[in-house]
Amino acid sequence: MSPETGETFQLDVRRLEPPEPLERILDTLADMPRDARLRVVHRREPFPLYDLLRRLGYQWHTEGADEYFEILIRS
């Protein structure tokens, strides 16, 4: 990812049941300004999300831990 610009939105979906995390992430991305980023905290690595992000032209970086994953998404 290139240097960061714009606002960073936070979204914690760890307690949501599928498919709500995916829906919330896509809804939030649709409402964000183009130069903003979205930091998502998820209880598992959301592989289906990655294909959708790729198709929509987003970039992302995932860091995993034993208890959760953090995904930073930007356009």
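**Exercise 1. In which strand is histidine 42 found?** Then work out its burial and its contact.

*Solution.* Start with the ground rules. This is a predicted model, where local features need pLDDT of at least 70, side-chain atom pairs count only at pLDDT 80 or more, and totals for chains, interfaces and linings use all residues. Residues are numbered from 1 along each chain as its sequence is written, and side-chain values use heavy atoms, with hydrogens and water left out.

Step 1: Histidine 42 is found in strand β2. Strands here are DSSP runs of E with at least two residues, helices are runs of H or I with at least four, and both are numbered from the N terminus.

Step 2: check burial. Histidine 42 has a relative accessible area of 6%, so it's buried. The scale goes like this: buried is under 20% relative accessible area, exposed is over 50%, and partly exposed is in between (1.4 Å probe, protein chains only).

Step 3: look for a partner. The histidine 42 side chain reaches the backbone oxygen of arginine 44 at 3.0 Å. That's a polar contact, meaning a pair of N or O atoms within 3.5 Å; within protein, one must be able to donate a hydrogen and the other to accept it, and residues adjacent in sequence count only if both atoms are side-chain atoms.

**Exercise 2. Is arginine 37 buried or exposed, and which backbone oxygen does its side chain reach?**

*Solution.* Step 1: arginine 37 sits in strand β2, which covers residues 37-42.

Step 2: its relative accessibility is 6%, so arginine 37 counts as buried.

Step 3: the arginine 37 side chain reaches the backbone oxygen of glycine 6, at 3.3 Å.

**Exercise 3. How many aromatic pairs does the structure hold?** Classify each pair and place its residues.

*Solution.* Step 1: the count is 2 aromatic pairs. For the first, the ring centres of phenylalanine 47 and tyrosine 50 are 5.8 Å apart and the planes meet at 85 degrees, so call it edge-to-face. The cut-offs: rings of Phe, Tyr and Trp (its six-membered ring) pair if their centres lie within 6.5 Å, and planes under 30 degrees apart count as stacked, over 60 as edge-to-face and the rest as tilted.

Step 2: place that pair. Phenylalanine 47 and tyrosine 50 are both in helix α2 (residues 47-56), 3 residues apart, or about one turn of the helix. Phenylalanine 47 is exposed at 53% relative accessible area, whereas tyrosine 50 is buried at 8%.

Step 3: now the other pair. Tyrosine 50 and tryptophan 60 have ring centres 5.2 Å apart and planes at 10 degrees, so these two are stacked. This pair links distant parts of the chain, with tyrosine 50 in helix α2 and tryptophan 60 in strand β3 (residues 59-64), 10 residues apart. Tryptophan 60 is partly exposed, at 24%.

Step 4: put it together. The ring pairs join Phe47, Tyr50 and Trp60 into a cluster.

**Exercise 4. Which residues line the largest pocket?** Give its volume and break the lining down.

*Solution.* Step 1: the largest pocket has a volume of about 160 Å³. On a 1 Å grid over the protein atoms alone, a pocket is an open set of points where a 1.4 Å probe fits, with protein on both sides within 12 Å along at least five of seven lines; lining residues have an atom within 4 Å of a point. Grid points are joined across faces, edges and corners, and the volume is the space filled by probe spheres set on the points.

Step 2: list the lining. It's Pro18, Pro19, Pro21, Leu22, Ile25, His42, Arg43, Arg44, Pro46, Pro48 and Leu49.

Step 3: sort by class. You get 8 nonpolar, 1 polar and 2 charged residues. Here Ala, Val, Leu, Ile, Met, Phe, Trp, Tyr, Cys and Pro count as nonpolar, Asp, Glu, Lys and Arg as charged, and the others, Gly among them, as polar.

Step 4: sort by element. Helices α1 (20-31) and α2 each supply at least two lining residues, and α1 gives the most, with 3.

Step 5: check the backbone at the prolines. The peptide bond from proline 18 to proline 19 is cis, with omega near 5 degrees. Most peptide bonds are trans. Proline 19 itself lies in the loop between β1 (8-12) and α1.
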